[in-house]
Amino acid sequence: MSIAQLTYEGKTIELPVITGTENEKAIDISNLRDATGLITLDLGYKNTGATKSAVTFLDGELGILRYRGYPIEQLAEKSDFLEVAYLLIYGELPTKAQYDDFTHQIKMHTLVNEDIKKILDGFPASAHPMGILSSLVCTLTAFYPESVANPTPDNTNLNIFRLLAKMPTFVGWAYKKSMGHPVNYPKNSYDYCQNFLHMMFALPVEDFNPDPIVVDALNKLLILHADHEQNCSASTVRMVGSSRASIFSSISAGINALWGPLHGGANQEVIEMLDEIREMGIRPLDYLEKVKRKEVRLMGFGHRVYKNFDPRAKIIKKACDQVLSKLGVKDPILDIAKELEEAALTDDYFVSRKLYPNVDFYSGIIYRALGIPTDMFTVMFALGRLPGWIAQWKELNASKEPIGRPRQVYTGATNREYVPIGQR
Ligand code: CMC
């Protein structure tokens with residue numbers, strides 16, 4: 001094991017350097033405060049490894065993303081969403097028997113307690129579906145109290161099936177609520193993605209047949225979103241889980257973290273930005289000037305970790321062209337997006353800051369072609385990210401890591417005397 005040395009006020013201490021399986025190196029500062037009285041400060045955790053994890057590997061410089069060692073390109077091409085979910089959650093690709101059992105277990109839990117529908121009814125039609133989704137997921141603690149009181153491995157596994165099974169129902173119901181349409185019930189003769197499309201788009205007045213092109217595209221998008229190591233929402237899930245909170249409440253917290261426009265909420269903002277450019281007749285180059293003057297951010301661009309390219313964005317851009325042409329959709333905002341990308345990639349502002357299209361830049365254009373409304377985009381991200389959150393929570397729980405409790409550098413007032421209100 002190699003050692004790093006730190007000298008402070010004439011005293012040198014040695015800190016172990018630990019190495020990951022992909023040769024990533026980290027200075028272990030667990031004993032820093034005891035040895036020196038110092039803590040570290042790292043705003044936004046730009047240099048802080050919060051945990052050890054065996055779920056997902058990514059290399060931002062080389063544009064590599066692997067789930068449990070398998071390259072994202074291979075999984076997106078050859079696998080399906082539930083197989084990837086199994087891989088992330090249990091660590092290995094399933095055998096045929098394991099896959100059949102897993103998908104069967106999920107089908108056995110697609111129905112949602114009717115009382116949850118009453119909770120859904122209490123939301124106004126204008127409610128953002130992310131708020132509905134996080135509330136309904138948290139509500140599961142009330143319907144499955146053993147998730148709080150007795151989270152044995154068997155109970156937890158059952159609750160993992162429940163989460164995966166009921167999420168499409170919640171998403172479909174949140175959408176139906178916004179439309180003022182009656183909700184659908186799951187159809188277990190369908191596979192996961194077909195059933196999801198049925199929950200979203202089937203109407204009591206018409207027959208519904210999921211389009212195989214749409215099913216394929218959906219599988220790909222969900223796989224590409226399924227995990228992304230210690231991002232804001234995964235870290236939230238782990239942080240909440242570290243207090244030994246239930247899997248449902250931890251994942252509900254992750255959904256809320258994902259909602260923000262700098263995280264999963266960016267996919268909605270990208271389409272709103274592209275629509276605005278189209279509606280106002282702004283030239284993409286002029287929009288980029290606004291970005292460079294820092295009046296707006298180019299949504300769907302930039303990433304904390306990827307500083308070369310986002311491998312998911314490459315796959316999605318290609319899929320975007322294919323899906324739109326197969327579905328015969330001509331969306332003018334695709335041309336605007338391509339023009340923005342092309343201009344940004346040769347502009348010094350973006351090049352010098354290593355800003356490239358991220359997963360959200362083209363995903364919304366596909367979602368829109370699939371008929372999914374803009375305010376459901378972040379919900380689609382959550383549906384895809386669910387296996388990753390489950391895997392991160394399960395790993396944290398098995399590791400028995402201590403509760404997450406960062407320190408701070410206090411910058412407030414020093415000790416002062418209380419003054420009664422009449423004398424202030
Ligand atoms: N448009 C314009 N300038 C940008 C952008 C952008 N999208 N992203 C970063 N910058 C600039 C930023 O102004 C700063 O410039 P300067 O050095 O002059 O102050 C520099 O690049 C570094 O930015 P940062 O905010 O310190 O970088 P970060 O690593 O903290 O932020 C980010 C990463 C993803 C939050 C950011 O790039 C961003 O806001 N992007 C737009 C939102 C977005 O697309 N989010 C989705 C991320 S991928 C999916 C997900 O993880 O949810």
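The following exercises, each with a worked solution, concern a predicted model of a protein with a bound ligand.

**Exercise 1. The ligand shell**

Task: Determine how many residues surround the ligand, which are the closest, and how the shell divides by class.

Solution. Begin with the count: the ligand is surrounded by 22 residues. Next, identify the closest of these, which are His 263, Lys 294, Arg 297, Leu 298 and Arg 304. Finally, sort the shell by class: ten residues are nonpolar, six are polar and six are charged.

**Exercise 2. Polar atoms facing the ligand**

Task: For Asn 358, state how far a polar side-chain atom lies from an oxygen atom of the ligand; then treat the side chains of Tyr 349 and Lys 46, and state what percentage of the ligand the protein buries.

Solution. Take Asn 358 at the outset: one of its polar side-chain atoms is 2.9 Å from a ligand oxygen. Turn then to Tyr 349, where a side-chain N or O atom is 3.0 Å from a nitrogen atom of the ligand. For Lys 46, the distance from an N or O atom of the side chain to a ligand oxygen is 3.5 Å. To complete the account, consider the ligand surface: the ligand taken alone exposes 930 Å², and 78% of that is buried by the protein.

**Exercise 3. Helix α19**

Task: Compare the expected and actual span of helix α19, locate its bend, decide whether α19 is largely enclosed or not, and describe what follows the helix.

Solution. Step one is the span. Helix α19 comprises residues 377-399, 23 residues in total. The expected span is 1.5 Å times one less than the number of residues, which gives 33 Å here. The end C-alpha atoms are 33 Å apart, in agreement with that expectation.

Step two is the bend. The helix bends by about 45° at Arg 385. A proline, Pro 387, follows within four residues of that position.

Step three is burial. A residue is buried when its relative accessible area is under 20%. In α19, 20 of the 23 residues are buried, so the helix is largely enclosed by the rest of the structure.

Step four is the residue after the helix. Lys 400 follows α19 and has a positive phi, near 55°. Lys 400 is exposed, with a relative accessible area of 56%.

**Exercise 4. Helix α10 and the loop before it**

Task: Describe the length of α10, the contact at its start and its buried residues, and then place Glu 206.

Solution. First, assess the length: α10 has 13 residues and reaches 18 Å from its first C-alpha to its last, close to the 18 Å expected. Second, examine the start of the helix, where a side-chain oxygen of Asp 211 reaches to within 2.9 Å of the backbone nitrogen of Ile 213. Third, list buried positions: among them are Val 214, Val 215, Leu 218 and Asn 219. Fourth, consider the loop between α9 and α10, in which Glu 206 lies. Glu 206 counts as exposed because its relative accessibility is 56%, and exposed means over 50%. Lastly, Glu 206 and Ala 234 are separated by 28 residues in sequence, and their C-alpha atoms are 40 Å apart.

**Exercise 5. Buried side chains with polar partners**

Task: For Ser 242 and Thr 56, state the element, whether the residue is buried or exposed, and the polar partner.

Solution. Start with Ser 242, which belongs to helix α11. Its relative accessible area is 6%, so Ser 242 is buried. A polar atom of the Ser 242 side chain lies 2.8 Å from the backbone nitrogen of Gly 404.

Continue with Thr 56, which belongs to strand β4. Thr 56 has a relative accessible area of 10% and is therefore buried. The side chains of Thr 56 and Asp 227 are joined by a polar contact of 2.6 Å.

**Exercise 6. A positive phi in a loop**

Task: State where Arg 244 is placed, what phi Arg 244 has, and how accessible Arg 244 is.

Solution. Locate the residue: Arg 244 is in the loop between α11 and α12. Then read its backbone angle: phi is near 70°, a positive value in a residue other than glycine. Last, classify its accessibility: at 39%, Arg 244 counts as partly exposed.

Conventions
Residues are numbered from 1 along each chain as its sequence is written. This is a predicted model: local features need pLDDT of at least 70, side-chain atom pairs count only at pLDDT 80 or more; totals for chains, interfaces and linings use all residues. Side-chain values use heavy atoms; hydrogens and water are left out. A residue is near a molecule or strand if one of its heavy atoms lies within 4 Å of it. A polar contact is a pair of N or O atoms within 3.5 Å; within protein, one must be able to donate a hydrogen and the other to accept it, and residues adjacent in sequence count only if both atoms are side-chain atoms. Accessible areas come from the Shrake-Rupley method with a 1.4 Å probe; for residues, only the protein chains shown count as cover. Ala, Val, Leu, Ile, Met, Phe, Trp, Tyr, Cys and Pro count as nonpolar, Asp, Glu, Lys and Arg as charged, and the others, Gly among them, as polar. Helices (H or I, at least four residues) and strands (E, at least two) are DSSP runs, numbered from the N terminus. The bend at a residue is the angle between axes fitted to the seven residues ending there and the seven starting there. Buried means under 20% relative accessible area, exposed over 50%, partly exposed in between (1.4 Å probe, protein chains only).
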